[in-house]
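Let's take a friendly walk through this model, starting at the ligand and moving on to the aromatic rings.

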Amino acid sequence: EKIIIVGAGILGASTAYHLAKAGAEVVIIDRNDDGQATNAAAGIVCPWLSQRRNKAWYNLAKGGAKYYPTLIANLEEDGEKNTGYAKVGAISIHTDEEKIYAMEKRALKRKLDAPEIGEITVLNTEQTKALFPPLADGYKSVHVSGAARVNGRALRSSLLNGARKHGAKVFSGNASLLCKENKVTGVIFNDKKITANKVIVTAGAWANQIIEPLGIQFQVTSQKAQIMHLQIPDESTGKWPVVIPPSDQYILSFEDQRIVIGATHENYAGFDTRVTAGGCHEILNKALQIAPGLSVCTILETRVGFRPFTPDFLPVIGPLPGFSGILVANGLGASGLTMGPFIGLQLAKLALNKELDIELSHYDVASAVCN
Ligand code: FAD
């Protein structure tokens, strides 16, 4: 079975790895666009505290978090040790005690069918600040030990390296679809035709560009996000937990004194990859209110990424309606690092006609397509 994957963010890279490991002949083509979501992503893997009620969405997020340890172990067996994943836990912080207990209750309820959430502990203000010293005074928290952070860049590289080790070929550049009488037969890459049994399009926010020539519109919208990387002097940050404040912001810590704060949610920015004054102002303003101890940090860089959203903020996964030889997955939105590896596994199974771990009808690609 020869399969071409177009687009290698976290989703395409995971699909490629699983297909190659299963013995398929895999070709990956990726354009590495500025604004690739995976390259800019923060890296929180902690879906259980979300208040979103959509079950189909939650099942992907929950399944994604649960799958990580298995995937990381498999990659390590393949010699990929720098996956960027670490189960450092998370603290969901609040100044209001009632909110803390409501959060704890929610987490305990979620634990019933997601033991991977780990230990759930309510921490007082001192305990909370001890776990993340730059924090302002007065925050209590719920600590969740099963939460993790992952460096999207590192994980993507590990997956692609792993795929290569299992025989996949990785090319960089643009691909367009080869299609004859509603059957996709391959791609055009560098003016050359490459044929395959199936093409899998995991092209993130850019997916409509490649699908549109088939005569249909693929409804993916991009939400611009700016995110800042800081360096904090004189601290050992490698084991600090993810900080989830009550706002739409977050703080993550990585090795080498690196702190990541963000992000913006810009809905009408198109594919504008600029770092803006307003974006940085918003991020710094919100982060320094929560954690004034970060004011001493060096600003290292600001990254820009485009979160891909499909209608109803629900991912779509499966065959492209009206065509054969093509599978599509998209719409991982703000949780794609959490879900991406798991959805990639499902796509690989789908391409190889194996039984899936998800109910595919909940993610019908038709809901994102119009003629
Ligand atoms: P992308 O990573 O965007 O990859 C798509 C790829 O397809 C690109 O490389 C592009 O160049 C390529 N491509 C497109 N068209 C073509 C073509 N015709 N030919 C060749 N290549 C093509 N998720 C979490 O779970 N936790 C987080 O903490 C988190 N934080 C985030 C913070 C930010 C700032 C952003 C932007 C996102 C965050 N996300 C997070 C979400 C997550 O990053 C995305 O949902 C996920 O990375 C999407 O992956 P993808 O593979 O679908 O798309």
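## Around the ligand

The ligand is surrounded by 39 residues, and those that come nearest are Asp33, Thr38, Ile44, Gly333 and Thr338 (a residue is near if one of its heavy atoms lies within 4 Å). This is a predicted model, in which local features need pLDDT of at least 70 and side-chain atom pairs count only at pLDDT 80 or more, while totals for chains, interfaces and linings use all residues. Residues are numbered from 1 along each chain as its sequence is written, and side-chain values use heavy atoms, with hydrogens and water left out.

By class, the shell contains 20 nonpolar, 15 polar and four charged residues; here Ala, Val, Leu, Ile, Met, Phe, Trp, Tyr, Cys and Pro count as nonpolar, Asp, Glu, Lys and Arg as charged, and the others, Gly among them, as polar.

## Polar contacts

A backbone N or O atom of Ile44 sits 2.7 Å from a ligand oxygen atom, and for Ser335 the corresponding distance is 3.2 Å (polar contacts are pairs of N or O atoms within 3.5 Å).

## Aromatic pairs

There are eight aromatic pairs in the structure (ring centres within 6.5 Å; planes under 30 degrees apart are stacked, over 60 edge-to-face, the rest tilted). The rings of Phe132 and Trp240 have centres 5.1 Å apart and planes at 70°, so this pair is edge-to-face. Both Phe132 and Trp240 are buried (under 20% relative accessible area, with exposed over 50% and partly exposed in between, using a 1.4 Å probe and protein chains only).

Phe171 and Phe189 form a tilted pair, because their centres are 5.6 Å apart and their planes at 35°. Phe171 is partly exposed at 33% relative accessibility, whereas Phe189 is buried at 9%.

Key. A polar contact is a pair of N or O atoms within 3.5 Å; within protein, one must be able to donate a hydrogen and the other to accept it, and residues adjacent in sequence count only if both atoms are side-chain atoms. Rings of Phe, Tyr and Trp (its six-membered ring) pair if their centres lie within 6.5 Å; planes under 30 degrees apart count as stacked, over 60 as edge-to-face and the rest as tilted.
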